[in-house]
Amino acid sequence: MDIYSSKMPKNQEYDTLLISLIALFISTKYLQIKYPGADTLNDLAKRKYSADLIINMEGVFLDTIDWNLMIFPIYDYVRLFVSQGCLFEHEDILRPTNDDVLDDSDIRDKPSVQLAEHFKKYAEFFADFCLYQECFMTVDPYLLSCAIVAYTRKYMGVAIIWPVELEMLTKCTLHHFRDLYLIIDSKYTENFPKHAKSQNYHQ
């Protein structure tokens with residue numbers, strides 16, 4: 001469904017329930033030997049549609065996404081990046097000494113197994129957070145995932161937000177997703193002003 005939404009014009013509305021059913025219909029066909037028919041899915045929608053409409057819409061849906069069923073959603077990209085490593089041994093992780101403000105006098109930590117686990121949890125949280133933001137429905141999921149990793153690093157106080165190691169891993173520079181990064185920052189600050197104010201996490 002994320003792929004379909006990213007292909008639709010931003011000013012064009014569509015039936016999200018119907019598209020959700022179609023995405024489920026295609027997913028079950030793709031991943032399972034036995035899958036529900038159009039009538040069964042229509043029952044889930046309390047017979048709001050017809051089986052013929054669901055079948056016809058399946059073709060429209062596949063044409064819209066160019067039959068590309070191998071595009072990873074945001075959460076999968078983030079998990080992939082985290083599994084490859086998003087914190088590096090030589091990096092400094094800053095912890096504020098006073099008033100939650102980061103500066104050159106801050107305590108400097110080095111990445112550890114515990115911090116890597118914290119990073120994974122925060123990255124997954126920010127991925128879930130972005131999935132609920134309407135403004136991200138039509139953006140490139142790969143670039144948004146890069147922005148999520150960058151924002152997680154910033155939130156945890158990593159001194160350099162997007163180092164050369166991540167440029168090599170993702171083939172992207174900060175410039176490629178800077179606007180998405182700023183939107184995440186804005187949305188998170190809007191929804192969690194107290195947490196965002198500190199600019200980094202606390203162990």
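These legends describe close-up views of a predicted model.

**Figure 1. Overall fold of the predicted model, with ten helices and two strands.**
Read along the sequence, five helices come before the two strands, and five more follow, in the pattern α-α-α-α-α-β-β-α-α-α-α-α. The protein has 203 residues, and 40% of them are buried. Take contacts between residues at least 6 apart in sequence: 68% of these join residues at least 24 apart. The accessible surface comes to about 12100 Å². Carbon and sulfur atoms account for 55% of that surface.

**Figure 2. The largest nonpolar core, a set of 35 residues.**
Phe119, Leu144, Ile148, Phe177 and Ile184 have the most contacts inside this core. Four helices each supply at least two of its residues: helix 5 (74-84), helix 6 (113-131), helix 7 (141-156) and helix 9 (174-191). Helix 7 gives the most, with nine residues. In soluble globular proteins, nonpolar side chains tend to be buried together.

**Figure 3. Close-up of Ile148, one of the residues with the most contacts inside the largest core.**
Neighbours within four places in sequence are left aside here. Beyond them, Ile148 is in contact with Ile74 and Val78. Ile148 also touches Ala123, Phe126, Ala127 and Cys130. Ile184 completes the list of contacts. Ile184, like Ile148, is among the residues with the most contacts inside the core.

**Figure 4. A second, separate core of 20 residues.**
Its members include Met8, Ala38, Ala51 and Ile54. Met8 also appears in the next view, where it helps line a pocket.

**Figure 5. The second largest pocket, with a volume of about 240 Å³.**
One part of the lining consists of Ser5, Met8, Pro9, Lys10, Gln12, Glu13, Tyr14 and Thr16. Glu134, Cys135, Met137 and Thr138 also line the pocket. By class, the lining has five nonpolar, four polar and three charged residues.

**Figure 6. Glu58, a buried residue in helix 4.**
Helix 4 spans residues 51-64. Glu58 has a relative accessibility of 13%. The cut-off for buried is under 20%, so Glu58 counts as buried. What does Glu58 contact, leaving aside its neighbours within four places in sequence? The partners are Ile22, Phe25, Ile26 and Lys29.

How values were computed: Residues numbered from 1 in each chain as written. Predicted model: local features only at pLDDT ≥ 70, side-chain atom pairs only at ≥ 80, totals over all residues. Heavy atoms only, no water. 1 Å grid on protein atoms, 1.4 Å probe; cavity = no way out; pocket = protein on both sides within 12 Å on 5 of 7 lines; lining within 4 Å. Points joined across faces, edges and corners; volume = space filled by probe spheres on them. Nonpolar A, V, L, I, M, F, W, Y, C, P; charged D, E, K, R; others polar. Core = buried A, V, L, I, M, F, W, Y, C linked by side-chain atoms within 4.5 Å. Buried < 20%, exposed > 50% of the residue type's maximum accessible area, 1.4 Å probe, protein only. Contact = heavy atoms within 4.5 Å. Areas by Shrake-Rupley, 256 points an atom, 1.4 Å probe, with all protein chains shown as cover.
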